[in-house]
Amino acid sequence: MLNFFLGHIPSIIATREESGNEFELFTNLVSRWAEQAGDFFVVFFLVNPLVLTTNPDAVKCTLFHSLVASDEKISKAASTNSRISSVFGKRFLGQGLVTILDYETWKPRRKLYDPSFKRTSLKDYLPVFNECIDTFLERLRPHSDGKTEVSMKEAFHEATLDVISKVAFSSDFSKTWDSKRFGLKYTTNSELSHLTSVSFKGVEKSFMATFPSLFPLLHPKETEMYHEAVGAMRRIGCDCIEKRIKAVTSGEEVPNDILTQILQTSIANKSVDMETLLRFM
């Protein structure tokens, strides 16, 4: 009877003790449900249905109809986007390329960044990609004894951040930022990799919280930690963009990375301001 009113929430709560990590909890549950029900199944949160699929063709079809097909678009869920746009009330991705729901608003803004992600542009960064892969393998090599367990989620997180930092910003993801300057109080580790992990941990928490609106009241210090990390990332991003804009406009020599290409396009389009750049980058 409880499941009739609450849906799958009791199953999630019962499984929560198996893993202290919300992401692992969710992926384990999805894998279990997929084994029992097949590629397509519905999960209920109270009276709200969530259709899940592990079928690659279905995922491809959904992405195609949400981005390309003009006659039958599949919109993003506003309830899901709200968890990404902000973390317990603190703006995170905001109204950026990932979270915009209106296709007609998304399309022209996406075109601003198309030149930077064309094959002809990305192939120039192949040496950087290879360098990051070599670094990734070197980090794993000491643990390749066949006995040591390695969190591949964390390993791929660092590898991905390493690629993005170097290709897009010509920066080092392990760089330590000034904690006082960027207002870090609860977060002792000011490396970008740590701030990113904390921020997305907050996103995971917001997705898994039964009543997200009550979470800040029940866990104020943890909420403040997420808010702090999200705010620090935005301030760091603003700092990087401001310095690069100043260098580009003053004619200084700048790295030929994705940030420079986007800024050159954005500066040519005079309607793009700092807040827009922060949202979409």
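Select Arg244 and Asp257 to begin: both residues are buried. The model on display is a predicted one, and the tour starts from this pair.

**First stop: Arg244 and Asp257**

Display the side chains of the two residues. Arg244 and Asp257 form a salt bridge, with 2.8 Å between the closest N and O atoms. Arg244 belongs to helix 12, whereas Asp257 sits in the loop between helix 12 and helix 13 (258–268), so the salt bridge ties together parts that are 13 residues apart in sequence.

**Second stop: helix 12 against helix 13**

Keep Arg244 in view and add both helices as ribbons. The axes of helix 12 and helix 13 come within 10 Å of each other and cross at roughly 65 degrees. Helix 12 is therefore roughly perpendicular to helix 13. The crossing of the two helices is right-handed. To see the contact itself, select Ile241, Arg244, Ile245, Val248 and Thr249 on the helix 12 side. On the helix 13 side, select Leu259, Thr260, Leu263, Gln264 and Ile267. Arg244 thus appears both in the salt bridge with Asp257 and in the contact between the helices.

**Third stop: Lys243 and Asp239**

Remain on helix 12 and select Lys243 together with Asp239. A salt bridge links Lys243 and Asp239, whose closest N and O atoms are 3.4 Å apart. The two residues lie four residues apart in helix 12 (residues 220–249), so about one helical turn separates them. Is each partner buried or exposed? Lys243 counts as exposed because its relative accessibility is 52%, and the cut-off for exposed is over 50%. Asp239 is buried, with a relative accessible area of 9%.

**Fourth stop: other salt bridges**

How many salt bridges does a search of the whole structure find? The search finds six. Select Arg141 and Glu138 for another of these contacts: their side chains meet in a salt bridge, at 3.1 Å from N to O. Arg141 is partly exposed, at 48% relative accessibility. Glu138 is likewise partly exposed, with a relative accessibility of 47%.

**Fifth stop: Ala155**

Move to helix 9 (residues 152–169), where Ala155 is found. Ala155 counts as buried, at 14% relative accessibility. Which residues does Ala155 touch, not counting residues up to four places away in sequence? They are Phe136 and Leu140. Draw a distance between the C-alpha atoms of Ala155 and Leu140: they are 8.0 Å apart in space, while the residues are 15 apart in sequence.

**Sixth stop: Thr196**

Proceed to helix 10 (residues 192–208) and select Thr196 there. Thr196 counts as buried, with a relative accessibility of 8%. Show His157, Leu161 and Met233 as well, since the view then contains the contacts of Thr196 once neighbours within four places in sequence are left aside.

**Last stop: the hairpin**

Finally, select strand 1 (residues 40–45) and strand 2 (residues 48–53). These strands pair in the antiparallel sense over six bridges. Within the pairing, Phe44 has Pro49 of strand 2 as its bridge partner. Two residues lie between the strands of this hairpin, and Leu46 takes a positive phi near 60 degrees there.

Notes
Residues numbered from 1 in each chain as written. Predicted model: local features only at pLDDT ≥ 70, side-chain atom pairs only at ≥ 80, totals over all residues. Heavy atoms only, no water. Salt bridge = Lys/Arg side-chain N within 4 Å of Asp/Glu carboxyl O. Buried < 20%, exposed > 50% of the residue type's maximum accessible area, 1.4 Å probe, protein only. Pairing = 2+ DSSP bridges. Axes fitted to C-alpha atoms, helices over the stretch in contact; angles between N-to-C directions. Parallel < 35°, antiparallel > 145°, perpendicular 65-115°, else oblique. Left-handed = near helix turned anticlockwise from the far one by under 90°. Contact = heavy atoms within 4.5 Å.
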